[in-house]
Amino acid sequence: MKAFEFKPKLLTTFKNYSKESFMTDLMAGIIVGIVALPLAIAFGIASGVSPEKGIITAIVAGFIISFFGGSKVQIGGPTGAFIVIIYGIIQEYGVSGLTVATLMAGILLILLGVFKLGAVIKFIPYPIIVGFTSGIAVTIFTTQIGDILGLTETVLDANGQEILVPLKTPGDFMGKWVTYSQHLESINWWNTLVSIVSILIIAITPKFSKKIPGSLVAIIVVTLAVYLMKLYGGITCIDTIGDRFTIQSELPDAVVPDLNWEAIRNLFPVAITIAVLGAIESLLSAAVADGVIGDRHDSNTELIAQGIANVVTPIFGGIPATGAIARTMTNINNGGRTPVAGIIHAIVLLLILLFLMPLAQYIPMACLAGVLVIVSYNMSGWRTFKALLKNPKSDVSVLLITFFLTVIFDLTIAIEVGLVIACVLFMRRVMETTEISVIKDEIDPNKESDLELHEEHLMVPANVEVYEINGPYFFGIATKFEEMMSQLGERPKVRIVRMRKVPFIDSTGIHNLANLCEMSHKENIEIVLSGVNEKVNNVLAKTGFYEMLGKDNICPNINAALERAKNILEK
């Protein structure tokens, strides 16, 4: 087996790198950095952390993913998919719990890459991916309702006086909507207007400019408008980032979290969810990018880079990160073709954090809510969701169950249950395709092939039964075979098990065959195997099954098996 080689794409970039390539990467990196700014702020706030934490994540993770990654154009950072998970972790375990979970997820991602499991992620059924992605989109939209409507609640301050504060909602989906319905009388229509205008600007900007992101245009225009309304119009009821957060314009000191066994045990399932989701999103983004630029990413190297990013980022106060398909496509569309563009995008964000971050305090929360509404709409993939509803019932079941579990409960449960259901349904399909037939009289060779052979029928002697197994012989079909055997009233003297169309056999199938031999021997019935392929033959030989059966009872084809059966009957 070939040993794993860690080869970041950056190492091969400089072989033919030129000044022209750098200038193209420079422009792409600057544009992507500007595009990433509003998204990083919005994702940070929606996740339950301060806005600069989102930017810190984009800086640290974005740099590491580009520096160590297995894709030439992948842009890393916080994404909408993690909002629901992060918010839930902070609600239950606090920021320290989020740090521990992200660190563990990073380690898991590194292990996935080291053990060359990058390709395994691709085997996750498509309905599960669409189900939880659409579910996340609905949940993100739900979390923004409070800011879109400007809902408030009355609380007591330190002096016992009643004050109005932004509405706080529980972490669960149903709880949020119940809380919203109880506070509808506090709607602030100015906030709603700001959100609607922001959404409209984002929606129409691509019609005028493909390169300038609509989210950035919306934030600049709406922020300026709200600032002037406050300054000259006396409208002070529109919440801004500065009203809720104290923004720090510096990179925080590295802090290693206090790891303990209790935290690790409680947060391990969540860490698995972060790792699986991060792996799926990053590799999906890299695969889409490959199709556009005509390249091929290294999935295992990419997973290791994602893992390193998620180990380092939380030490600086960041949140989980992965490859971001929207920013990756922005990078490609603006000429980025090497990891240098991703590194420049991280440097641009760092400069913004250090020198321009105080301006972020004027951004209206309702405007960011509008940005996230568009993010959730694009993420929902409702057309794909609708198309999948026309697929087989088993796929539709997996899709709907994963979707509703994601929305009503959480992503951890949705992925776990979705995978279990998908596996069960897959095994059921395999069982349905595996056929077992009993032949007692004659075998027609002309039905054994697509060609007409014009051969005489093979006669099955009296007291001989031929069992034809067509398909995998695994634990799902083993019971079916046993049930069929028990239903047959008559007991022959020889049973031929024809296995030429059995591609593989598992331990349950071997155990089933062994039991068949033991029970048959007690009834003085001989078992003969016919046409065992090389792969199955090697498995049976290693288990010692042939020693119990006897070498004479292992035949290469049905002709030899029938001849062996005649010899047994003559004894």
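Guide: A helix, in this account, is a DSSP run of H or I with at least four residues, and helices are numbered from the N terminus. By that reckoning Ile140 lies in helix 5, which covers residues 126–143. The model is a predicted one, and every value below is computed from it.

Visitor: What makes Ile140 count as buried?

Guide: Buried means under 20% relative accessible area, and Ile140 has 0%, so it falls in the buried class. The C-alpha atom of Ile140 is also 6.1 Å from that of Ser376, although the two residues are 236 residues apart along the chain.

Visitor: How do you know that Lys9 and Asp295 form a salt bridge?

Guide: The test asks for a side-chain nitrogen of Lys or Arg within 4 Å of a carboxyl oxygen of Asp or Glu. Between the side chains of Lys9 and Asp295 the N to O distance is 3.7 Å, and the pair is therefore counted as a salt bridge. Lys9 lies in helix 1 (residues 9–13) and Asp295 in the loop between helix 11 (261–293) and helix 12 (299–312), so this salt bridge ties together parts that are 286 residues apart in sequence. Lys9 and Asp295 also belong, together with Lys72, to a network of salt bridges. By the rule just used, the count comes to eight salt bridges.

Visitor: Why is Lys9 called buried, and why is Asp295 called partly exposed?

Guide: The cut-offs are under 20% for buried and over 50% for exposed, with partly exposed in between. Lys9, with a relative accessible area of 15%, is therefore buried, whereas Asp295, with 23%, is partly exposed.

Visitor: What makes Asp243 and Lys230 a salt bridge?

Guide: The side chains of Asp243 and Lys230 meet at 3.7 Å, N to O, which is within the 4 Å that the rule allows. Asp243 is in helix 10 (residues 241–244) and Lys230 is in helix 9, 13 residues apart. Asp243 has a relative accessible area of 48% and is partly exposed, and Lys230, at 26%, is partly exposed as well.

Visitor: Where do Arg265 and Glu262 lie?

Guide: Both lie in helix 11, three residues apart, which is about one turn of the helix. Their side chains form a salt bridge with an N to O distance of 3.0 Å. With 46% relative accessible area, Arg265 is partly exposed, and Glu262, at 41%, is partly exposed too.

Visitor: How do you know that the span of helix 17 agrees with what is expected?

Guide: The expected span is 1.5 Å times one less than the number of residues. For the 16 residues of helix 17 (residues 393–408) this gives 22 Å, and the end C-alpha atoms are 22 Å apart, so the two agree. Among the buried residues of helix 17 are Val396, Leu399, Phe403 and Val407.

Visitor: What does the corresponding check give for helix 20?

Guide: Helix 20 (residues 507–522) has 16 residues and should span 22 Å, while its end C-alpha atoms are 23 Å apart, which agrees. Its buried residues include Ile510, Leu513, Leu516 and Cys517. At the start of helix 20, a side-chain oxygen of Asp506 reaches to within 3.2 Å of the backbone nitrogen of Thr508, and just after the helix Asn524 takes a positive phi of about 60 degrees.

Visitor: Why do strand 5 and strand 11 stand at the edges of their sheet?

Guide: The open sheet has five strands in the order 5-8-9-10-11, with mixed pairing. Strand 5 (435–439) and strand 11 (554–555) each have a single partner strand, so one side of each is left without a neighbour in the sheet.

Visitor: What makes strand 9 and strand 10 a pair?

Guide: Pairing needs at least two bridges, and five bridges join strand 9 (residues 494–501) to strand 10 (residues 526–530), which run parallel. In one of these bridges, Ile496 has Val528 of strand 10 as its partner.

Visitor: Why is Leu354 called partly exposed?

Guide: Leu354 is at 36% relative accessibility, which lies between the 20% and 50% cut-offs, so it counts as partly exposed. Leu354 has its place in helix 14 and belongs to a nonpolar patch on the surface, with residues including Leu224, Tyr227, Ile347 and Phe355, that has about 1,300 Å² of accessible area together. The elements that give two or more residues to this patch are helix 9 (214–232) and helix 14 (339–355), and the largest share, five residues, comes from helix 9.

Conventions:
Residues are numbered from 1 along each chain as its sequence is written. This is a predicted model: local features need pLDDT of at least 70, side-chain atom pairs count only at pLDDT 80 or more; totals for chains, interfaces and linings use all residues. Side-chain values use heavy atoms; hydrogens and water are left out. Patches are made of residues with over 30% relative accessible area and no salt bridge: like charges are joined within 9 Å, nonpolar side chains (Val, Leu, Ile, Met, Phe, Trp, Tyr) within 5 Å. Accessible areas come from the Shrake-Rupley method with a 1.4 Å probe; for residues, only the protein chains shown count as cover. Buried means under 20% relative accessible area, exposed over 50%, partly exposed in between (1.4 Å probe, protein chains only). A polar contact is a pair of N or O atoms within 3.5 Å; within protein, one must be able to donate a hydrogen and the other to accept it, and residues adjacent in sequence count only if both atoms are side-chain atoms.
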